[in-house]
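Me: I am new to this structure and would like to see it first. After that I will ask why things in it are called what they are called.

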Amino acid sequence: AGRPNVGTVHGRMRLAGMHGDKLQGINADQFEAAVWFIGRHASYLRLIDAPGRERIPDDDKGQGEGEPPTLAEALAEWRKVLRVLQDASTLHRSPIVAALDTILLRQAFVHTMVGDLRLGLNAIHMAFLAGQRRAA
């Protein structure tokens, strides 16, 4: 109960990074980007009412950021996320979206995708989260 991150692949990767494992670990910024990406993906699925996702009580309330976004706003934000990932994937010639899907969304650790995951998380952090920290 003392380490809630152990229940997820990205949480275990963060703990590995904290203990000096450069091969399988991720840093704090990458972990923050992973949590943000998973939340945005879940929000997108919730808003398009995707089949097969788990129903949670009060599911329509969003992520505690005030009013839930409209469908148009959610689609626009998700397109921005995909554009950032596509640009990073093209720049690095790397299957970044596949790594995010496999490791973060499907919760399957594939050691050959760790580098691609890090590239994607760095791109997400720089595009969406680094400015929030500076503004705060």
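**The cavity and its surroundings**

Me: What classes of residue make up the lining of the largest cavity?

Reply: The lining has three nonpolar, two charged and one polar residue. The model is a predicted one, in which local features need pLDDT of at least 70 and side-chain atom pairs pLDDT 80 or more, while totals for chains, interfaces and linings use all residues. Residues are numbered from 1 along each chain as its sequence is written, and side-chain values use heavy atoms, without hydrogens or water.

Me: Which residues are they, and what makes each one nonpolar, polar or charged?

Reply: The lining consists of R40, S43, Y44, A74, E77 and W78. Ala, Val, Leu, Ile, Met, Phe, Trp, Tyr, Cys and Pro count as nonpolar, so Y44, A74 and W78 fall there. Asp, Glu, Lys and Arg count as charged, so R40 and E77 belong to that class, and the others, Gly among them, are polar, which leaves S43.

Me: What makes this a cavity?

Reply: On a 1 Å grid over the protein atoms alone, a cavity is a set of points where a 1.4 Å probe fits but cannot get out, and a lining residue has an atom within 4 Å of a point. One cavity of 30 Å³ or more turns up in the whole structure. The volume of the largest cavity is about 60 Å³, where points are joined across faces, edges and corners and volume is the space filled by probe spheres set on them.

Me: Which helices supply at least two residues each to this lining?

Reply: Helix 2 and helix 3 (71-92) do. The chain has five helices and zero strands, where helices (H or I, at least four residues) and strands (E, at least two) are DSSP runs, numbered from the N terminus.

**Buried and exposed residues**

Me: Why is Q30 called buried?

Reply: Q30 has 6% relative accessibility. Buried means under 20%, exposed over 50% and partly exposed in between (1.4 Å probe, protein chains only), so Q30 counts as buried. Q30 sits in helix 2 (residues 28-47) and touches R118, L121 and N122, leaving out residues up to four places away in sequence; touching means heavy atoms within 4.5 Å.

Me: How do you know that H41 is buried, and what does H41 contact?

Reply: Its relative accessibility is 17%, so H41 counts as buried. H41 also belongs to helix 2, and beyond its neighbours within four places it is in contact with W78 and L105.

Me: Why are I48 and D49 given the label they have?

Reply: I48, at 35%, and D49, at 44%, are both partly exposed because each value lies between 20% and 50%. I48 is in the loop between helix 2 and helix 3, and D49 is placed in that loop too. I48 touches L71 and L75, residues up to four places away not being counted. D49 has a positive phi, near 55°, though it is a residue other than glycine.

Me: What makes R93 exposed?

Reply: R93 is at 79% relative accessibility, so it counts as exposed. R93 lies in the loop between helix 3 and helix 4, with a positive phi of about 50° although it is not a glycine.

Me: How much of the chain is buried?

Reply: Buried residues account for 36% of the 136 residues. In helix 4 (residues 96-105), the buried ones are I96, A99, L100, T102, I103 and L104.

**Aromatic rings**

Me: How many aromatic pairs are there, and why is the one between W36 and F128 called stacked?

Reply: The whole structure holds three aromatic pairs. W36 and F128 are 4.7 Å apart, centre to centre, with 20° between the planes. Rings of Phe, Tyr and Trp (its six-membered ring) pair if their centres lie within 6.5 Å, and planes under 30 degrees apart count as stacked, over 60 as edge-to-face and the rest as tilted; therefore this pair is stacked. The pair joins distant parts of the chain, with W36 in helix 2 and F128 in helix 5 (residues 114-135), 92 residues apart.

Me: Are the two partners buried or exposed?

Reply: W36 counts as buried at 11% relative accessibility, and F128 counts as buried at 17%.

Me: Which residues form the aromatic cluster?

Reply: F37, Y44 and W78 form one aromatic cluster. Y44 and W78 are also among the residues lining the largest cavity.

Terms used: On a 1 Å grid over the protein atoms alone, a cavity is a set of points where a 1.4 Å probe fits but cannot get out, and a pocket is an open set with protein on both sides within 12 Å along at least five of seven lines; lining residues have an atom within 4 Å of a point.
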